Amino acid sequence: MKRFVYLLALAVFAGNVARAEESLINDQANLLYAENRIEEAFNLLLTIPSEVRTPMNWLLLGNILQDKNRDEDADFMFSQAAVNDPKFYKAMYNLGNLYLEQDKPNMAIEQYKKVLKIKPDFSYAYYNMGCAYLKLGKLKDARRNFLYAIDYNPTVADFHYNLAYTYKKLNKPKDAQLYLDYYNKIIENGN
């Protein structure tokens with residue numbers, strides 16, 4: 001019985017050491033990434049076995065790969081983050097951004113909708129979805145999403161600018177001027 005208790009305690013201790021080591025690697029990788037030491041962060045993240053990577057590990061790997069113009073690999077990493085944690089909206093948001101950059105607005109919209117199911121007040125998802133609708137020429141959908149973005153975060157100048165542009169395309173010059181004035185006021189105030 002003593003031997004069993006000893007082995008059990010040893011196994012628990014070893015598990016705690018492994019988790020502490022993984023946590024240290026995660027913290028170190030996050031710090032390197034935050035300090036813009038991208039290659040070091042990337043190499044450290046690659047040392048983490050895929051079966052124990054956190055959603056944030058996958059996300060950072062995806063960000064780095066996207067910056068290296070390795071979009072297919074970035075897509076895989078973001079998708080893995082979302083599979084690892086279906087509530088990790090940042091992965092879906094980054095996927096949407098990737099698809100928007102690749103001129104795949106329908107796929108981007110699909111990702112932004114997933115984000116908003118999880119985090120309905122995320123203004124940037126509305127804004128980027130508005131941009132995707134603009135690419136598709138769906139001006140009323142774009143307008144609606146820009147308005148939501150402004151409702152949740154009225155201090156972002158680009159939200160107002162793109163809404164002004166959308167109103168201009170909708171042939172509503174008074175509304176366009178109103179939001180262009182908001183844009184200019186935000187810019188003047190340094191926001």
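**Notes on charges, rings and confidence**

1. Let me start with a charge over a ring: in this predicted model, arginine 53 sits over the face of tryptophan 58, 4.8 Å from the ring centre. Lysine 68 does likewise over the face of phenylalanine 42, at 4.3 Å from the ring centre.

2. Lysine 68 is worth a second look, as its side chain also meets that of glutamate 39 in a salt bridge (2.7 Å, N to O). Glutamate 39 belongs to helix α2 (residues 38-46) and lysine 68 to the loop between α3 (55-67) and α4 (71-84), so this pair ties together parts 29 residues apart in sequence. Glutamate 39 is partly exposed at 44% relative accessibility, and lysine 68 is partly exposed at 31%.

3. The whole structure has seven salt bridges. Among them is glutamate 35 with arginine 37, at 3.0 Å from N to O; Glu35, Arg37 and Glu40 are linked in a network. Another joins lysine 135 and aspartate 103 (3.5 Å, N to O).

4. On to the rings: there are 13 aromatic pairs. In one of them, tyrosine 161 and tyrosine 183 are tilted, 5.0 Å centre to centre with 55 degrees between the planes. Tyrosine 161 is in helix α9 (residues 157-169) and tyrosine 183 in helix α10 (residues 173-188), so the pair ties together parts 22 residues apart in sequence. Elsewhere, an aromatic cluster includes Tyr89, Phe122 and Phe159.

5. A friendly caution about confidence: the chain averages a pLDDT of 89, with 88% of the residues scoring at least 70. Over residues 4-18, however, pLDDT stays under 50, and the model has zero contacts there beyond four places in sequence. Where pLDDT is low, please don't read the predicted coordinates in detail.

Key. Residues numbered from 1 in each chain as written. Predicted model: local features only at pLDDT ≥ 70, side-chain atom pairs only at ≥ 80, totals over all residues. Heavy atoms only, no water. Phe/Tyr/Trp six-rings, centres within 6.5 Å; stacked < 30°, edge-to-face > 60°. Helix = DSSP H or I, 4+ residues; strand = E, 2+ residues; numbered from the N terminus. Lys NZ or Arg CZ within 6 Å of the ring centre and 35° of its normal. pLDDT = per-residue confidence, 0-100. Contact = heavy atoms within 4.5 Å. Salt bridge = Lys/Arg side-chain N within 4 Å of Asp/Glu carboxyl O. Buried < 20%, exposed > 50% of the residue type's maximum accessible area, 1.4 Å probe, protein only.
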